[in-house]
Amino acid sequence: MIKKWFLMATMLVGLSFGAFAQKYASVNTEYIMKNIPDYAQALAQLEKQSSDWQKELEAKFAEIDKMYKTYQQEAYLLPDNLKRKREEEIIAKEKEVKELQRKRFGADGDLDKKRQELLKPIQEKVYNAIERIANEKNYAFVFDKSASNTVLFASSRYDISDDVLEMLGYSSSNPADNTPTPAANSDKKKSDRITNPEMKKPY
């Protein structure tokens with residue numbers, strides 16, 4: 001039993017030394033994105049598109065509500081066949097609008113596709129810059145401080161967020177003044193490893 005415990009302890013010590021031999025770094029992708037004007041513009045465009053589609057749906061639901069109220073007022077005057085016809089029209093209209101709602105805001109809907117179109121290229125540039133710095137400085141792991149609640153502490157000494165911004169051609173001093181420089185143009189392999197930000201969806 002003692003021998004078995006000793007072997008396990010030896011293995012754990014060996015693994016610990018192996019882990020410490022690796023180089024680690026951290027980034028804050030939320031901080032990086034806030035310093036990229038294109039990202040803020042993309043979010044504003046998404047917000048406007050979402051608002052426009054929301055208003056479109058609200059107008060159509062208001063139209064259905066008006067149809068139903070008119071039907072209630074006139075129902076006692078209508079013969080049964082016309083009642084059924086009006087009810088079917090209201091049901092069909094409601095089904096049509098709910099389908100449009102799903103198309104706009106559902107999973108893999110128009111808003112999700114628009115988000116991918118606008119945000120994914122920016123996220124890929126950031127990931128490619130992180131990957132390049134990690135390769136140049138031989139980092140075995142790069143943790144995202146903004147994406148995980150399991151990171152309890154990360155020293156600023158190992159934060160390469162500003163290095164990423166610099167590689168992309170931006171600075172953290174004033175996001176409004178940030179404009180890409182030729183150094184920012186680097187085509188790397190695409191990756192989905194950076195999670196897209198969540199958008200608030202109606203309904």
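Okay, let's start with one residue: Asn138 is exposed, with a relative accessibility of 57%. Before I go on, keep in mind that this is a predicted model. So where does Asn138 sit? Asn138 is in the loop that runs between α5 and β2, and β2 covers 141-144. The backbone there is worth a look too, since Asn138 has a positive phi of about 60° although it is not a glycine.

There's another residue like that. Asp108 also isn't a glycine, and its phi is positive, about 60°. You'll find Asp108 in the loop between α4, residues 80-105, and α5, residues 110-136. Is Asp108 buried or exposed? Exposed, with a relative accessible area of 64%. And if you'd like a glycine with a positive phi, go to Gly169, just after α6, where the value is about 95°.

Now, the inside. The largest nonpolar core has 34 residues, and the ones that touch the most other members are Ile32, Ile36, Val126, Ile160, Val164 and Leu168. Which elements feed this core? β1, α2, α3, α4, α5 and α6 each put in at least two residues, and α5 gives the most, with nine. As general background, nonpolar side chains tend to be buried together in soluble globular proteins.

Let me zoom in on Ile160. If you set aside neighbours within four places in sequence, Ile160 is in contact with Ala25, Ser26, Val27, Ile133, Tyr139 and Val142.

Next comes helix α6, residues 161-168. Its buried residues are Ser161, Val164, Leu165, Met167 and Leu168. They span an arc of only 160° around the axis, so they are on the same side of α6. What do they pack against? The buried residues of α6 pack against β1, α2 (29-34) and α5.

On to the charges. How many salt bridges does the structure hold? It holds 15. One of them joins the side chains of Arg104 and Glu56, at 3.5 Å from N to O. Arg104 is in helix α4 and Glu56 is in helix α3, so this pair ties together parts that are 48 residues apart in sequence. Arg104 counts as buried, at 14% relative accessibility, while Glu56 is partly exposed, at 27%.

Arg104 has another partner. Its side chain also meets that of Asp110 in a salt bridge, 2.8 Å from N to O. Asp110 is in helix α5, and at 15% relative accessibility Asp110 counts as buried, because the cut-off is under 20%. Leaving out residues up to four places away in sequence, Asp110 touches Trp53, Lys103 and Arg104. Put the charged residues together and you get a network of salt bridges linking Glu56, Lys103, Arg104 and Asp110.

Here's a salt bridge inside one helix. Arg102 pairs with Glu99, and their closest N and O atoms are 2.8 Å apart. Both lie in α4, three residues apart, which is about one turn of the helix. In general, an α-helix has 3.6 residues a turn, so residues three or four places apart point the same way. Arg102 is partly exposed at 46% relative accessible area, and Glu99 is partly exposed at 41%.

Last stop, back on the surface. Tyr24, Phe141 and Phe143 form a nonpolar patch there, with about 280 Å² of accessible area together. Tyr24 lies in strand β1, residues 24-27, and Tyr24 is partly exposed, with a relative accessible area of 30%. That's my tour, thanks.

Note on methods
Residues are numbered from 1 along each chain as its sequence is written. This is a predicted model: local features need pLDDT of at least 70, side-chain atom pairs count only at pLDDT 80 or more; totals for chains, interfaces and linings use all residues. Side-chain values use heavy atoms; hydrogens and water are left out. Patches are made of residues with over 30% relative accessible area and no salt bridge: like charges are joined within 9 Å, nonpolar side chains (Val, Leu, Ile, Met, Phe, Trp, Tyr) within 5 Å. Accessible areas come from the Shrake-Rupley method with a 1.4 Å probe; for residues, only the protein chains shown count as cover. A salt bridge is a side-chain nitrogen of Lys or Arg within 4 Å of a carboxyl oxygen of Asp or Glu. Helices (H or I, at least four residues) and strands (E, at least two) are DSSP runs, numbered from the N terminus. Buried means under 20% relative accessible area, exposed over 50%, partly exposed in between (1.4 Å probe, protein chains only). The arc is that of the directions from the helix axis to the C-beta atoms. Contact means heavy atoms within 4.5 Å. A nonpolar core is a set of buried Ala, Val, Leu, Ile, Met, Phe, Trp, Tyr and Cys residues joined through side-chain atoms within 4.5 Å.
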